[in-house]
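Me: I would like a close look at a single part of this structure and at what surrounds it. Please take me through it in one connected answer.

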Amino acid sequence: MKQKLDFSKPLVVLAPLAGYTDLPFRKVVKNFGVDLTVSEMISSNALAHKNKKTIKMLEKSSNEDPYIVQISGSDPAIVRQAVEVLNEFDHIDGIDLNCGCPAPKVFGHGSGSNLLGDLPRLQEILRVIKQTSNKQYTTVKVRIGVDEKIPLEIAQAIEEVGVDMVSVHGRTKKGAYKAPVDYEAIKIIKENVSCPVIANGDIKDRKKALEVLDFTKCDGVMIGRGAVGKPWVFEQIKSNNDDISYDLKRDIILEHFDAMVEHYGEYGCVMFRKHLHTYSKGYDGANEFRQKVNHIADQNEMRELIIDFFTVKNNDV
C-alpha cells in the first residue's frame, strides 16, 4: 500500500482541538497546505456505543486526505471495541491515541495525559489499537509527563510498542498551556524513537516553526491554538511568506462561515461567533463588532456583517 504521509520534507499538521478543529475548520485549513488533519478527540466509550453524535464526528471533508481520527480511552477492552467501529469506515487512514489532554474531566477518567503516569497501560492500549486496527497508521500524541518531565521514559515506552508517528506537546500535564514549552524534551524523544516525531506547543508562526524544526530535528510541526483565527498560518509556513492581504483574510473567513452553515445548518451561525471573536482581533472596532455578533442568529445577516466589517477601506489595521 502506498504511504500517504511523505516525511521527505517536514510535515505541517493541524492539531486536534476540541470545539475548534471540526470538519468545517479542517476543510478550510486543508486549502492552505496542511499535510495532515486530525479529528477532534473522540471518546472510545462513545464510539464503542455508536453514539450518533460521535459517529457524525468521524466525517471528513472531501479534501482531507490523509485523515486520522484521534481517540481517548483508558480501558483496553473498550478501546478495542472503539477501533472495531472505526474499522467500518474506509475514509479513515489512521488512529491516534490521545495521551496528552490535560483537561480534569479526561484526566479523571484515566484517559489523556493520565496515561503518562502509567506507561505499561499506555503500551497495552497502543498494542490493542495496532492489533485491532485495519488502518494504515497507528499514531500517538503525548506530553512530556504528568507532574515531572520524563521524556526519555515516554520515548522508550513508545519505542517498545512501535508506532508510525508520535506528536509531542512540550509541556507536562501540570504545565497545562501556560508553562514554557520544553523543546529540549521534544528533542530527547526524537532522538530515542525510530518513528517520525512531530513537535507541538506554542508554534504560532513561520519563524517559530523553523526554529523548532532546526533545534529538535523533528519531522514536522503541529499547530492547534496558533491556527485559531489564523488558518492561513499553514500557507505562510509552507511558502516562507508572511504576507496575506486583508481581502484574502475576508474571503477565508467567509469560506469558513459558509462551511459551518453547510455542516451544522442554521446553528452553525451561532457556533461561528467564537471564531469571529478571534478573527476580529487587531481590527478597529473589534469590540463593537463582537457585541453585534453575539446577538445575531440569522445566517444572511451574519454574512453581510462579516463582509462589511472585514472589507478594510482606508483603515490601518
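**Cysteines, core and the surroundings of H8**

Reply: In this predicted model, the count of disulfides comes to 0. Cys99 takes part in no disulfide, since the nearest cysteine sulfur, which belongs to Cys101, is 11 Å away, whereas a disulfide would need the two sulfur atoms within 2.5 Å. Cys195 is likewise in no disulfide, and for this residue the nearest cysteine sulfur is that of Cys218, 10 Å away. Cys99 counts as buried because its relative accessibility is 0%, and Cys195, at 9% relative accessibility, counts as buried too.

Cys99 leads on to the core, being one of the residues in contact with Val142. The largest nonpolar core has 83 residues, and Ile71 and Val142 are those with the most contacts inside it. Apart from that core lies another, of 11 residues, with Val13, Ala15, Tyr137 and Ile198 among them. As a general matter, nonpolar side chains in soluble globular proteins tend to be buried together. When its neighbours within four places in sequence are left aside, Val142 is in contact with residues including Gly100, Leu116, Ile154 and Ile158, and also with Val166, Ser167, Val168 and His169.

Those last four residues belong to strand E7, which is mostly covered, with 5 of its 5 residues buried. Met165, Ser167 and His169 point one way from E7, while Val166 and Val168 point the other way, and all are buried. E7 pairs with E6 in the parallel sense over 4 bridges, and Val140 stands opposite Val166 of E7.

Ile189, another residue in contact with Val142, brings us to helix H8, which spans residues 183-191 and whose buried residues are Tyr183, Ala185, Ile186, Ile189 and Lys190. Seen down the axis of H8, these buried residues fall within an arc of 155 degrees, and therefore they line one face of the helix. The general background is that an α-helix has 3.6 residues a turn, so residues three or four places apart point the same way. The cover over the buried residues of H8 includes the strands E6 (137-142), E7 (165-169) and E8 (197-200), together with the helices H7 (151-161) and H9 (206-216). At the start of H8, a side-chain oxygen of Asp182 reaches to within 3.1 Å of the backbone nitrogen of Glu184.

How values were computed. Residues are numbered from 1 along each chain as its sequence is written. This is a predicted model: local features need pLDDT of at least 70, side-chain atom pairs count only at pLDDT 80 or more; totals for chains, interfaces and linings use all residues. Side-chain values use heavy atoms; hydrogens and water are left out. Buried means under 20% relative accessible area, exposed over 50%, partly exposed in between (1.4 Å probe, protein chains only). Helices (H or I, at least four residues) and strands (E, at least two) are DSSP runs, numbered from the N terminus. The arc is that of the directions from the helix axis to the C-beta atoms. Contact means heavy atoms within 4.5 Å. A polar contact is a pair of N or O atoms within 3.5 Å; within protein, one must be able to donate a hydrogen and the other to accept it, and residues adjacent in sequence count only if both atoms are side-chain atoms. A nonpolar core is a set of buried Ala, Val, Leu, Ile, Met, Phe, Trp, Tyr and Cys residues joined through side-chain atoms within 4.5 Å. Two strands pair if DSSP finds at least two bridges between them.
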